[in-house]
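Trainee: Hi, have you got a few minutes to go through this structure with me?
Mentor: Sure, let's open it up.

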Amino acid sequence: MKFSPLVQELIDSLKCLPGVGAKSAQRMAFHLLERNRKGGSKLSQTLGQAMEHIGHCQQCRNFTEETLCDICQSPKRKVATQLCIVETPADVIAIEQTGEFQGRYFVLMGHLSPLDGIGPDDLGLDVLEKQLATRQFSEVILATNPTVEGEATAHFIAELAQEHDVEISRIAHGVPVGGELEYVDGNTLSHALSGRKNYNL
Amino acid sequence: MKETTQLAFVLHSRPYRESQVLVDLLTEKEGKVAALSYVGHSVKSSRKALLQPFLPVNVTLKGQYSLRNLARIEPAGKSIPLKKSALFSAFYINELLVKLLTENIPCWALFEQYQASLQSLLDETSLEITLRKFELVLLDELGVSFDFSLIFEHTASGFYYLPGDGFIPAYTVLKQACYDQLHLQAIAEQDFSNPATLTTFKILMRQVINHLLGGVPLNSRKLFNKKV
């Protein structure tokens, strides 16, 4: 049996979502059509607007519909001297939730990965350089993921930052809270040991 | 096919569906192998930590098709702590293997050389020599080997390299890189004391590898170009 063209198109369009295959897309389409027309039309409006208006913040490259994102606009953060470099917008949220960091961010939207064809040009490093050149920041915190690619990215950016006379730091690697040493992989554990800190009493 | 446990290195991994990754492995017994592996998103799952490049691992592969299943993976040693240019060089080696090597053909010599190269990359002063030696072994595996005997017989001061034909003396002018005879002789004798020899060697390798790649660009080279 075949669906009418519009229904089929709806199902096909839903398949562009991550983790959604033909069957799930079909279920979603029928659910929206049968039980939740209101939610469906709201989704379509929001999606349309979001796709049209959301771009990148001119300072930190995070997603926003304005020229500067909320964090970059905040008066307190405008004078911040710390810049935290992260891979994805989700990382910004994660760090914001800790409440530990009051500086500004820079979102790379990925990491250096030659095999996936992602080079230095794709990470907006020219924007980053411009920011560093303003001499506003005294410290750059490299918060890329602790993977080999993340390490390479951190190093590449460190080299770039070095020319601008700023302090460069890297987030610590270690054992997760509530974890057990026994189950931590050897790589993490050796990082945790080699990066150990003085115990101040 | 029987299950075997063997030493391997992860060359590259990319996400596939929600909780799987497709990994390219360089294995001791079967050469380059593509495999599918489950990775959990939970904090306790350490698979992702093991699927990092430059970490020797023992893997058990299952399945009879060319895309295998990664049944087990265990660390087989410490991760090689590559930094700076050495790390970028190691990326370059991995990219060469991913793009040039054919899957499922055992290559003992290449695996040995890969291990040795990663170790010697730790010495930052001899990066170039390490890379060139690795490229030679890789080319050998791919069926391209250099015949240097001609260079000692002829008296021409320069030689061209033609894919398929090997070196030809530069009596006529061709529109391509011409290699110095003395440099080529030094390469044949593995004498890399003169920096100019290494430069010639690099240009020669570039020509051969670019030809093999057939126009596909090598992205890891960009990591070096940008540097001041």
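**Contacts, salt bridges and the interface**

Mentor: Let's start with Phe146(B): leaving aside its neighbours within four places in sequence, this residue is in contact with Leu136(B), Leu139(B), Tyr161(B), Phe167(B), Leu204(B), Met205(B) and Val208(B). Contact means heavy atoms within 4.5 Å. Keep in mind that this is a predicted model, where local features need pLDDT of at least 70 and side-chain atom pairs count only at pLDDT 80 or more, while totals for chains, interfaces and linings use all residues. Residues are numbered from 1 along each chain as its sequence is written, chains are lettered from A and ligands numbered from 1 in the order in which they are written, and side-chain values use heavy atoms, with hydrogens and water left out.

Trainee: Is Phe146(B) buried or exposed?
Mentor: Phe146(B) is buried, with a relative accessible area of 14%. Buried means under 20% relative accessible area, exposed over 50%, and partly exposed in between (1.4 Å probe, protein chains only).

Trainee: And where in chain B does Phe146(B) lie?
Mentor: In the loop between α4 and α5 (149-153) of chain B. Helices (H or I, at least four residues) and strands (E, at least two) are DSSP runs, numbered from the N terminus. The C-alpha atoms of Phe146(B) and Gly166(B) are 6.7 Å apart, although 20 residues separate the two along the chain.

Trainee: What do the buried residues of α4(B) pack against?
Mentor: They pack against α2 (84-100), α3 (108-120) and α7 (195-213) of chain B. Among the buried residues of α4(B) are Leu131(B), Arg132(B), Phe134(B) and Glu135(B). After the helix comes Gly143(B), with a positive phi near 90°.

Trainee: Arg132(B) carries a charge, right? Which side chain does Arg132(B) meet in a salt bridge?
Mentor: Glu128(B), at 3.8 Å, N to O. A salt bridge is a side-chain nitrogen of Lys or Arg within 4 Å of a carboxyl oxygen of Asp or Glu. The two residues are 4 apart in helix α4 (residues 127-141) of chain B, so about one helical turn separates them. Arg132(B) is buried at 5% relative accessible area, whereas Glu128(B) is partly exposed at 34%. Glu135(B) joins both of them in a network of salt bridges.

Trainee: How many salt bridges are there over all chains?
Mentor: The whole structure has 8. Another one of them links Glu30(B) and Arg68(B), with the closest N and O atoms 2.7 Å apart. Glu30(B) is in the loop between β2 (20-27) and β3 (31-38) of chain B and Arg68(B) is in strand β5 (residues 67-75), so the pair ties together parts 38 residues apart in sequence. Glu30(B) counts as buried at 15% relative accessibility, and Arg68(B) is buried at 3%.

Trainee: Switching topic: how many salt bridges cross the interface of chain B and chain A?
Mentor: The rule finds 0 there. There are 3 residue pairs in polar contact between the chains, both residues at pLDDT 80 or more. A polar contact is a pair of N or O atoms within 3.5 Å; within protein, one must be able to donate a hydrogen and the other to accept it, and residues adjacent in sequence count only if both atoms are side-chain atoms.

Trainee: Which element gives the largest share of chain B's side?
Mentor: α2(B), with 7 residues of the side that touches chain A.

Trainee: And how many residues are in contact there?
Mentor: 26 residues of chain B are in contact with 21 of chain A.
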